[in-house]
Amino acid sequence: SPAVSPLAYHDGEFVPLERALLPVTTQALQYGTGVFEGIRAYAQRGGGLAVFRAEDHYRRLLRSCRTLRIDPGHTVEELCALTAELLRRIGTQEDTYIRPLAYKRALLPGQKPGVGLTGVSDALSVNAFRMGSYTDPAGIRCTISSWRRPSSDALPVRAKVTGGYVNNALAVDEARAAGCEDAILLNSRGQVAEASTSNVFAVLRGRLVTPPVTADLLEGITRDTAVTLAADLLDTPTDFRDLGRDELMGADEVFLTGTGTEIVPVTEIAGRPVGEGVPGPLSTALRGAYQDVVRGGEPRYAHWLHPLNA
Ligand code: PMP
């Protein structure tokens, strides 16, 4: 396909990505006071590109914004329209990753330096780049991280805050040093919270189990998609309950869900095979169903897809 030049929506304009620059004094860079989303647009079976669950992602972005007192200056509808316009201008028909970022920018005139959330201007950037599936259908290996997921009384873990990702980065770094692809983090109560950028599911006696939002996790949109598809298409209910690391080790199957990750089987945890050590039937079926749905293969979920030209 012809090379497409990456673009960004930045300071109210569509500009080449290399012109979407920020000063080193940017407050969010110094204090981690930004919020973001990761969204995917998929090439559709019937042609064209569609953004998957854009409204749900932007609703979560606006909730994250409220936590950090960021005014992104746009409604959910405007953010969806702006994203569609960005993709149209990029002109790609291939799978694309979209990264909106709303952040604290600069101290307003007369304000004293400091880490506060008021007296600082807000800004919004959205960039997009080509990115297809990157997880291996043969599954990944995970450690159980020595880094705990922070509890929500220390950090707003239900908001997607840039600064909070120091925790995730350290967990991934530790996992890679141990030769694994990802890490599963326990919460401050020692129960399973989530993986570095994905939610965790276990298959136990034919049912799905995933930790509740009170386990200090980010309430993933893919988690919701997985629960819906498992119930509707695979006749498999999900229990939202605390999940211990011992249960994870004894589970028949484990898989991760996330916008970037999509749905990926976990075949090894903390040096032990999960089940038979190969992707299990439910993980594999869900991964396939997800690919079908995001590419417009299941008309009953058309409401999750935002075609670019609609
Ligand atoms: N947890 C964390 C920490 C994440 O960064 C992500 C990715 N946004 C997820 C879970 C999965 O969320 P979603 O399915 O909405 O992408």
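A residue counts as buried if 20 or more other C-beta atoms lie within 10 Å of its own, and as exposed if 12 or fewer do. The exercises below use this cut-off on a predicted model.

**Exercise 1. Confidence**

Find the mean pLDDT of the protein and the share of its residues that reach 70 or more.

*Solution.* Start with the mean: it is 96. Next, take the share: 98% of the residues reach 70 or more. Then add the scores for the model, ipTM 0.99 and pTM 0.97. Keep one caution in mind: where pLDDT is low, the predicted coordinates should not be read in detail.

**Exercise 2. Overall build**

Count the helices and strands of the protein, then compare its radius of gyration with the globule rule.

*Solution.* The protein has seven helices and 17 strands. Its radius of gyration is 20 Å. The globule rule gives 19 Å for 310 residues. The two values are close, so the protein is as compact as a globular protein of that length. Along the principal axes, the C-alpha atoms fill a box of roughly 60 × 45 × 30 Å. Of the 310 residues, 43% are buried.

**Exercise 3. Helix H3**

Check the span of helix H3, residues 76-90, and decide where its buried residues lie.

*Solution.* H3 has 15 residues. At 1.5 Å a residue, counting one less than the number of residues, the helix should span 21 Å. Its end C-alpha atoms are 21 Å apart, which agrees. Now list the buried residues of H3: Leu79, Thr83, Ala84, Leu86, Leu87 and Ile90. Seen down the helix axis, they fall within an arc of 155°, so they line one face of H3. On the other side, Glu77 and Glu78 are exposed. Just after the helix, Gly91 takes a positive phi of about 80°.

**Exercise 4. One residue in a strand**

Is Val264 buried or exposed?

*Solution.* Place the residue: Val264 lies in strand E15, residues 262-269. Count its neighbours: 26 C-beta atoms lie inside 10 Å. The cut-off for burial is 20 or more. Val264 therefore counts as buried. Now look across the sequence. Val264 and Thr135 are 129 residues apart in sequence, and their C-alpha atoms are 6.5 Å apart in space.

**Exercise 5. Around the ligand**

Which residues come nearest to the ligand, and which element gives the largest share of the shell?

*Solution.* The ligand has 14 residues around it. Leu218, Gly220, Ile221, Thr222 and Thr259 come nearest. Helix H5 (221-234) and strand E14 (253-258) each give two or more residues to the shell. The largest share, three residues, comes from H5. Sorted by type, the shell holds two nonpolar, ten polar and two charged residues.

Note on methods
Residues are numbered from 1 along each chain as its sequence is written. This is a predicted model: local features need pLDDT of at least 70, side-chain atom pairs count only at pLDDT 80 or more; totals for chains, interfaces and linings use all residues. A residue is near a molecule or strand if its C-beta atom, placed from the backbone, lies within 6 Å of it. Helices (H or I, at least four residues) and strands (E, at least two) are DSSP runs, numbered from the N terminus. Ala, Val, Leu, Ile, Met, Phe, Trp, Tyr, Cys and Pro count as nonpolar, Asp, Glu, Lys and Arg as charged, and the others, Gly among them, as polar. The arc is that of the directions from the helix axis to the C-beta atoms. pLDDT is the predictor's confidence in each residue, from 0 to 100. The radius of gyration is taken over C-alpha atoms; the globule rule is 2.2 Å times the number of residues to the power 0.38.
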